Amino acid sequence: MRHFLLTWLGTAIALLITAHFVPGFIVKTFVTALVAAVILGLVNAIVRPILSLLTLPINLITFGLFTFVINAFTLWLASVLTPGYGFEIRGFLPALLGSIVLAIVSTIINYLLRVIH
């Protein structure tokens, strides 16, 4: 349970940091980031495996680079599923850049949380 809460907190902080660096990637408050982290986790658990399976041939052809597009789509979908909370992604490019920055930042934050814990 503690690991889950730390991961949730780390993802929320990563969303706030990503919003700071990527134009068109908007997270208004920390509570918004917490809600968005939950929705993003659910989308990644439910939708992403299906998308990964359906796009396996193109992912193989592109040597895995299409995964960035899948990540951008799931991030955008999470923003669509949280319409009144202040989490918004304005277009594909902010979603793509946001997914890359979010992956890097959340990896660093989760590593630091594991070291501290």
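**Group meeting: helix α5, its surface and its neighbour**

Hi everyone, let's start with one residue, Ile 116, which sits in helix α5. Keep in mind that this is a predicted model. Is Ile 116 buried or exposed? With a relative accessible area of 71%, Ile 116 is exposed, because exposed here means over 50%.

Ile 116 also has company. Together with Leu 65, Phe 68, Ile 100, Ile 104, Ile 108, Tyr 111, Leu 112 and Val 115, Ile 116 makes up a nonpolar patch on the surface. The accessible area of these residues together is about 910 Å². Which element gives the largest share of that patch? That would be helix α5, residues 92-116, with seven residues.

Now to the packing of α5. As a general point, two packed helices are described by the angle between their axes and the distance between the axes. Here, helix α1, which covers residues 2-21, packs with α5 at an angle of about 140°, and the axes are 8 Å apart. Angles over 145 degrees would count as roughly antiparallel, so α1 and α5 are oblique to each other. As for handedness, the crossing of α1 past α5 is right-handed.

Last topic, for those of you who like charges: how many salt bridges does the structure hold? Just one. The partners are Arg 90 and Glu 88, and their closest N and O atoms are 3.1 Å apart. Arg 90 counts as exposed, at 53% relative accessibility. Glu 88, at 35%, counts as partly exposed, because that class lies between the 20% and 50% cut-offs.

That's my tour, thanks for listening!

Technical notes:
Residues numbered from 1 in each chain as written. Predicted model: local features only at pLDDT ≥ 70, side-chain atom pairs only at ≥ 80, totals over all residues. Heavy atoms only, no water. Patch = residues over 30% accessible without salt bridge, like charges linked within 9 Å, V, L, I, M, F, W, Y side chains within 5 Å. Areas by Shrake-Rupley, 256 points an atom, 1.4 Å probe, with all protein chains shown as cover. Salt bridge = Lys/Arg side-chain N within 4 Å of Asp/Glu carboxyl O. Helix = DSSP H or I, 4+ residues; strand = E, 2+ residues; numbered from the N terminus. Buried < 20%, exposed > 50% of the residue type's maximum accessible area, 1.4 Å probe, protein only. Axes fitted to C-alpha atoms, helices over the stretch in contact; angles between N-to-C directions. Parallel < 35°, antiparallel > 145°, perpendicular 65-115°, else oblique. Left-handed = near helix turned anticlockwise from the far one by under 90°.
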